[in-house]
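Visitor: I've got a structure open and I'd like to learn how to read it. Can you walk me through it?

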Amino acid sequence: MWLWFSKLGSPKWFYELSEKWLPWLVGAMVVFLSIGVVWALLYLPPDYQQGYTSRILVVHVAVAGTSLAFFPLMAVAGTITLVWKMKLADMVAKNAAPLGAWFSFITLATGSIWGSASWGTWWEWTDSRLVSMLFQFFLLLGVISLRSALDNSEAAAKACALLSIVGCINVVVIKYSVEWWNTLHQPSSPVNLDSGSANGPEFWVATAIMIIAVYLFFTVSLILSTRNEILQREKGSQWVKEIVKKQHAEV
Amino acid sequence: MIEAIEFSSFSEFLNMGGYAFNVWAVYGLFAIFIVANLLAPKIRRKSILKEQYRRIVLNEESDANESG
C-alpha cells in the first residue's frame, strides 16, 4: 500500500502512466462528446414549456455539475500535499484552479443565456444559486492569484490548500442553495424515466452522456496541464532531459 | 435514425424553434471552452520542450568548452 502510494506520487510514474491512458481517454471523450452533442441538437424533443432552450440545459447541467468537483479535488490534493508532501498532488491542485475557473465561468454564461430566454432575465443578484456560483468563480481566481503572489512554492501550496478546504463549504452552499432559499433558480428535477414527461428519458440520457463527456474532457485537460507542470518542475532530472531530446529528434 | 430527427429542414434546424441565438451561443461557447482547454496545454507543451532542448544544448556546449 505504501509502496503504491509513494509510486503514485512520483511525477515520473504519473507521466509514464498517463501517456498510456491518454489515447483511450481522448478517444472516449470524442465518442461521448459527439454522441452527446448530436443527440442534444438533433434528436431531443422540445420541452412543452421551454421549447428548444432545454437543449441548453444539457450543456449547462453537465458543466455546472462538474464545476462542483474542483474544490473537493483541490482540497484532497491540498491535504495530501500538507500531510505527505507529495509533489504530484500539488501539481494537480495548481492546474485544477484555472480549469475550475473556466468551468465556473461557462456555467454562469450558459445559465445566463438560458435564463434570458426562460426567466426573462440574464442575472438576478437575489438568487442564492447564481450568487454562490459567482462566488466560486471569484474564489478560484483568488486561489490562482494567491499562488502567483507567493514566491515560495511551499508556502503557496499551503495557503492554496487551506483556501481550497474553505472553498468546499461554498460547494455545499451551491448544492443546497436551491433547497435552503427558494429563489429564482429551480431545484434539480428528479430523474424521471417515464417517456412523454417534460423531463423524460430523452433529456436524462442526453444529459448523462454529456456529463460523462465533460468529466472525460476535464480529466484529459487536467492530465495535459499536469504533464506540462511535471516537465517544468523536474527539468533538472535525467529522465525529463531524455524525453526532451527524444521529442526533439522526432519532430 | 433520420426520421427521429426533430427538424425537417436545415433552416428549421438553425432556427431552433425561435431560440437560435440562445441555443447556438451556448453551443458555440461550449465548443470554444473545450477546444481552448485542450489546445492551450498542447501549445504550452511544445514551447516547454523547445525551451528545455535549447537549455540542454547550451549546457552541453558550455561543459564542452570548460573541459576543452
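Guide: Let's begin with contact, which here means heavy atoms within 4.5 Å. Keep in mind that this is a predicted model.

Visitor: Okay, so how many residues of chain A are in contact with chain B?

Guide: 47 residues of chain A are in contact with 33 residues of chain B. Together the two chains bury about 3,800 Å², and 74% of that is on carbon and sulfur atoms. A:L41, A:Y43 and A:Y52 supply 17% of the area that chain A buries against chain B, more than any other three residues.

Visitor: What about charged and polar pairs across that interface?

Guide: The general idea first: side chains of opposite charge can pair when their charged atoms come close. Between chain A and chain B there is one salt bridge, and there are nine residue pairs in polar contact. The salt bridge brings together the side chains of A:K245 and B:E60, at 3.0 Å from N to O.

Visitor: Which elements give two or more residues to the side of chain A that touches chain B?

Guide: Those are α2 (11-43), α3 (54-67), α5 (87-118), α8 and α9 (238-250) of chain A. The largest share, 11 residues, comes from α8(A).

Visitor: And how many salt bridges are there over all chains?

Guide: Eight, from a search of the whole structure. Take A:D90 and A:R147, whose closest N and O atoms are 3.1 Å apart. That pair links distant parts of the chain, with A:D90 in helix α5 and A:R147 in helix α6 (residues 128-149), 57 residues apart.

Visitor: Are A:D90 and A:R147 buried or exposed?

Guide: Both are buried. Compare A:K94 and A:E229, which meet in a salt bridge at 3.2 Å, N to O. A:K94 sits in helix α5 and A:E229 in helix α8, so this pair ties together parts that are 135 residues apart in sequence. A:K94 counts as partly exposed at 33% relative accessibility, while A:E229 is buried at 7%.

Visitor: Does A:E229 have another partner? Which residue forms a salt bridge with A:E229 at 3.0 Å?

Guide: That's A:R233. The two are four residues apart in helix α8 of chain A, so about one helical turn separates them. Put it all together and A:D90, A:K94, A:R147, A:E229 and A:R233 are linked in a network of salt bridges.

Visitor: Last one: which residues form the nonpolar patch on the surface?

Guide: A:V172, A:Y176, A:W180 and A:W181, with about 430 Å² of accessible area together. A:W181 is in the loop between α7 (153-180) and α8 (201-233) of chain A, and is partly exposed at 42% relative accessible area.

Terms used
Residues numbered from 1 in each chain as written. Chains lettered and ligands numbered in written order. Predicted model: local features only at pLDDT ≥ 70, side-chain atom pairs only at ≥ 80, totals over all residues. Heavy atoms only, no water. Patch = residues over 30% accessible without salt bridge, like charges linked within 9 Å, V, L, I, M, F, W, Y side chains within 5 Å. Areas by Shrake-Rupley, 256 points an atom, 1.4 Å probe, with all protein chains shown as cover. Salt bridge = Lys/Arg side-chain N within 4 Å of Asp/Glu carboxyl O. Buried < 20%, exposed > 50% of the residue type's maximum accessible area, 1.4 Å probe, protein only. Buried area = accessible area lost by both parts, 1.4 Å probe. Polar contact = N/O pair within 3.5 Å; in protein donor to acceptor, adjacent residues only side chain to side chain.
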